[in-house]
Amino acid sequence: MTRIGGKRLDILYWIIVAAMFVIAFAGLVFPIIPSVVFIIAGFVLYGFFFTFAHYSYMFWIVEGIFTAALFAADYAANLLGVKRFGGSRAAVWGSTAGLLIGPFVIPVAGIILGPFIGALLGEMLVHKKDIKTALKIGAGSLIGFLTGALAKSVIQLIMIGYFLYTVLH
């Protein structure tokens, strides 16, 4: 417990740490938010607010592995979703661009429509695919995005769970 301010300050500190984790989950919907940065910020803030003594080398190694898994899940899900439905690298790039631009061009629906439209346009413009094939590839991109978001949410929950286990155990 923090000496200055007592329990009230401890509660405020936990709220700040929890807010970092909530913002990290917002990054699943808004890819402009770097989820992993906010998760690690939560860990570091906890250390500054309370103590770093709970963090062993093993803690940082495990969290580092999960961080790499977050990046891999994001990339692999999109790539596999597009490739499985016959898409090319142009669809992957289009999907990624749509994911970043979509929420700003079409608020709320852009997070779903952006990757779909980006992959569709990528295939139609670069490889001159017909609309039926491009729609199928766009659907693959959407499935890849949703699968990646699910995988990343599970990994983030595990990271936060391991953090809580470490500091509360």
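These are my notebook entries on a predicted model, covering its cores, one buried glutamate and a few helices.

**Entry: the main core**

I started with the nonpolar residues. The largest nonpolar core holds 18 residues, and Phe-21, Phe-43, Tyr-55 and Phe-163 have the most contacts inside it. I then asked which helices each supply at least two residues of this core. They are H1 (6-29), H2 (35-49), H3 (57-84) and H6 (131-168).

I picked Phe-21 for a closer look. Skipping residues up to four places away in sequence, I found that Phe-21 touches Phe-38, Ile-39, Gly-42, Phe-43, Ile-160 and Phe-163.

There is also a second, separate core of five residues, and I noted Ala-91, Val-92, Ala-119 and Ile-137 among them.

**Entry: Ala-19**

Next I checked Ala-19, which sits in helix H1. Buried or exposed, or partly so? Ala-19 counts as partly exposed because its relative accessibility is 31%, and the partly exposed range runs between 20% and 50%. I also looked at its spacing to Gly-42: the two are 23 residues apart along the chain, yet their C-alpha atoms are separated by 8.1 Å.

**Entry: Glu-123**

Glu-123 belongs to helix H5 (residues 110-126). Is Glu-123 buried or exposed? Its relative accessibility is 0%, so Glu-123 counts as buried; the cut-off for that is under 20%.

What does the side chain of Glu-123 make a polar contact with? The partner is the side chain of Ser-88, at 2.5 Å. Leaving out neighbours within four places in sequence, I listed the residues in contact with Glu-123: Gly-87, Ser-88, Ala-91, Lys-128, Lys-129, Ala-134 and Ile-137. Ala-91 and Ile-137 from that list also turn up in the second core.

**Entry: H4 against H5**

I moved on to how H5 packs with helix H4 (residues 89-105). Their axes come within 6 Å and cross at roughly 145 degrees, and the crossing is right-handed. On the H4 side, the residues that meet H5 include Ala-91, Gly-94, Gly-98 and Gly-102. On the H5 side, I saw Gly-114, Gly-118, Gly-122 and Glu-123 among those that meet H4.

**Entry: H6**

Last, I checked the length of H6. With 38 residues at 1.5 Å a residue, H6 should span 56 Å, and its end C-alpha atoms are 54 Å apart, so the two values agree. I looked at its start as well: a side-chain oxygen of Asp-130 comes to within 3.2 Å of the backbone nitrogen of Lys-132.

Definitions and conventions. Residues numbered from 1 in each chain as written. Predicted model: local features only at pLDDT ≥ 70, side-chain atom pairs only at ≥ 80, totals over all residues. Heavy atoms only, no water. Core = buried A, V, L, I, M, F, W, Y, C linked by side-chain atoms within 4.5 Å. Buried < 20%, exposed > 50% of the residue type's maximum accessible area, 1.4 Å probe, protein only. Helix = DSSP H or I, 4+ residues; strand = E, 2+ residues; numbered from the N terminus. Contact = heavy atoms within 4.5 Å. Polar contact = N/O pair within 3.5 Å; in protein donor to acceptor, adjacent residues only side chain to side chain. Expected span 1.5 Å × (residues − 1). Axes fitted to C-alpha atoms, helices over the stretch in contact; angles between N-to-C directions. Left-handed = near helix turned anticlockwise from the far one by under 90°.
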